[in-house]
There are 2 protein chains.
Amino acid sequence: MHRMSLEEAEVLAKAVLNAQGFNQEQTHALSQAVIAGQRDECHSHGLYRLLNCVKTLAAGKVVANAQPEVHDHAPGIVRVDAKGGFSQLAFEAGLPILTAKAREQGIAALAINHCVHFSALWVEIEAITDQGLVALACNPSHAWVAPAGGNRPLLGTNPLAFGWPRPNGQPPFIFDFATSAIARGDIELHHRENKPIPEGWGIDRLGQHSQNPADVLDGALLTFGGHKGSALSIMIELIAGPLIGDLTSAESLAYDDGAGASPYHGELILAMDPERFLGSTLEDYMARAEDLFSSIIAQGARLPSQRRYTARQRTQKEGISIPESLYQELSRLARL
Amino acid sequence: MHRMSLEEAEVLAKAVLNAQGFNQEQTHALSQAVIAGQRDECHSHGLYRLLNCVKTLAAGKVVANAQPEVHDHAPGIVRVDAKGGFSQLAFEAGLPILTAKAREQGIAALAINHCVHFSALWVEIEAITDQGLVALACNPSHAWVAPAGGNRPLLGTNPLAFGWPRPNGQPPFIFDFATSAIARGDIELHHRENKPIPEGWGIDRLGQHSQNPADVLDGALLTFGGHKGSALSIMIELIAGPLIGDLTSAESLAYDDGAGASPYHGELILAMDPERFLGSTLEDYMARAEDLFSSIIAQGARLPSQRRYTARQRTQKEGISIPESLYQELSRLARL
């Protein structure tokens, strides 16, 4: 393993992105997301993900110097056209208007269009909870998942993320999960390691449950939670697809046309302002939410994201480590 | 079984509610919800549910002549204080302002406070999709469900419902599910019939998975979908509880104080206007949503609510039927 400080990791990430042709603004936004993933030890969204950024650029599936266009679309809606760039810079561009609208209206939506997407949603959720707002975000992806009762890929892994700000400097309550039973990458990993996958992750081409990763990669993933998870996944297709004038997961996969690039689609982010809802009773009700969290922890259950926050505390002090081979590959891409 | 037309069923429902002391407006709103449930053959939310309304009133846990108060709280928020009445009349009172706000702002929230709740959320969702709007609704209930990794009841069965309007007079895409693995009533049913329950529905007092319904009623239900379903359920506690200045499921159960009445809490309903989001591209993108539905159906999967719509077509022609004993009990309560 190769150890480095978070600062060194950021320098490396920026060097890779710059060397590969991303402009200054895109490089900054992308490296922030990747470093956040690495810092919280979400390795698949960490430095490793830079390889995918580079692959997507090489495939001509992302615009390296895209300049997002912000449209103040309605009192409760801000739209950002990412212009074919990655989602991060578009999100940054829309965030100030989203938060201003949420504070004024009580609730507001940020619709990002025409973006290439790879990041974990919790990064964006946390940027909103940092402003004291409640946040909800979702997006389609590539059509790898069958609807409940079906037998062919149609839905994306369609993540759903939610955040609730907490008082006294505590990290926010955040969850961020795929509505698929598992990430496609986990099935690929089992395939490479020649290991069977657990029951419930996917089906083969004939729609039969299968524990053979090759058959499932050739068939379809399943959603989590049976017909309920499937219904949620369809909701995400609708509200982060047609509702915001963007692609479904099936349309995104068709657009990819076998390139294996990151999905190209839209993203819907909602923000709600507890202060606008609660006025002078804000403190009382935020304290009741804290009671709920205390009751969860008191029975030995963990809040989601706890593992991330623990990792964050450690890596901020001790730095991070990545496989030496990944370090070498990134250094090569950075032309160091 | 006792057969009757939907009109006869409505007359019976209104007679029961009137005779038991609900005023004209409350009776009208309540009977509409109950008849909708019966019409769609959601029997537990049909005429049967009147017994629970009566029980809740007898326990002093609902205000029979409550007059909801509507507050235009913010550009994107309408609040309705149900004044201790059932939720239905409060929803009716808030609906016109919610839809007007959604059309103007793009997205708006209806927060119902201090309501007693028994209805399926799809009834309200459908009232919103009927206006061409997208809808999302949720509420806490009584604390009967343990969080993932926990061993004690803390969360409600916390339903989540979503609706998407469809063109050409087609019934909307709607789902409405409990975030618990199963309704508590289903466990009670197994208990009465002395049948074991499936693995995954609940845990005993010690937090161990159990298939004994009595032990689970004494312990806790589980959420659907493991830690993901649990995270969703916690989100519902937060956004339909503290965010709108109302009770969590634990607080609602404490308020009930053993009376066995319907839960007393708030409800959050969001509405989004596709026309405000999409403008002149509305028709194109609504057609893309139809493509998604077609692709689901083409693989032999069903859209949620299909069973309800099929039942509706039948009962509108052929009427409904309820057990003779229920009919007798309702007639007695109606003092017919």
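## Helix α5 of chain B

In this predicted model, the buried residues of α5(B) pack against α2 (24-39), α4, β5 (134-138), β6 (159-164), β7 (173-178) and β10 (264-272) of chain B. Helix α5 spans residues 122-129 of chain B and is mostly covered, with eight of its eight residues buried. The buried positions are B:Trp122, B:Val123, B:Glu124, B:Ile125, B:Glu126, B:Ala127, B:Ile128 and B:Thr129.

## Strand β3 of chain B and its neighbours

Strand β3 (residues 77-81) of chain B is likewise mostly covered, and five of its five residues are buried. On one side of β3(B) lie B:Ile77, B:Arg79 and B:Asp81, on the other B:Val78 and B:Val80; both faces are covered.

Strand β2 (residues 69-74) of chain B pairs with β3(B) in the antiparallel sense, over five bridges. Within this pairing, B:Val78 of β3(B) is the bridge partner of B:Asp72. The two strands, β2(B) and β3(B), form a hairpin that has two residues between them.

Strand β4 (residues 107-116) of chain B runs parallel to β3(B), to which five bridges join it. Here B:Ala111 in β4(B) stands opposite B:Arg79. Between β3(B) and β4(B) the chain passes through helix α4 (residues 87-105) of chain B, in a β-α-β crossover that is right-handed.

## The contact between chains A and B

Chain A and chain B each contribute to the contact, with 56 residues from chain A and 56 residues from chain B. On the side of chain A that touches chain B, the elements giving two or more residues are α4 (87-105), β4 (107-116), β6 (159-164), β7 (173-178), α8 (226-239), α10 (274-278) and α11 (282-298) of chain A. By class, this side of chain A comprises 35 nonpolar, 14 polar and seven charged residues.

## Relation of the two copies

A turn of 180° with a shift of 0.0 Å along the axis lays chain A on chain B with an RMSD of 0.0 Å. The two copies therefore stand in the relation of a two-fold axis. The C-alpha of A:Gly225 is the one nearest the axis in chain A, 2.1 Å from it. Both copies use the same surface, as 100% of the contact residues of chain A recur in chain B.

Definitions and conventions:
Residues are numbered from 1 along each chain as its sequence is written. Chains are lettered from A and ligands numbered from 1 in the order in which they are written. This is a predicted model: local features need pLDDT of at least 70, side-chain atom pairs count only at pLDDT 80 or more; totals for chains, interfaces and linings use all residues. Two residues are in contact if their C-beta atoms, placed from the backbone, lie within 7 Å. Helices (H or I, at least four residues) and strands (E, at least two) are DSSP runs, numbered from the N terminus. Ala, Val, Leu, Ile, Met, Phe, Trp, Tyr, Cys and Pro count as nonpolar, Asp, Glu, Lys and Arg as charged, and the others, Gly among them, as polar. Copies are superposed by least squares on the C-alpha atoms of residues with pLDDT of at least 70 in both. A residue is buried if 20 or more other C-beta atoms lie within 10 Å of its own, exposed if 12 or fewer, and partly exposed in between; C-beta atoms are placed from the backbone. Two strands pair if DSSP finds at least two bridges between them. A crossover is right-handed if, with the strands pointing away from the viewer, the path from the first strand over the helix to the second runs clockwise.
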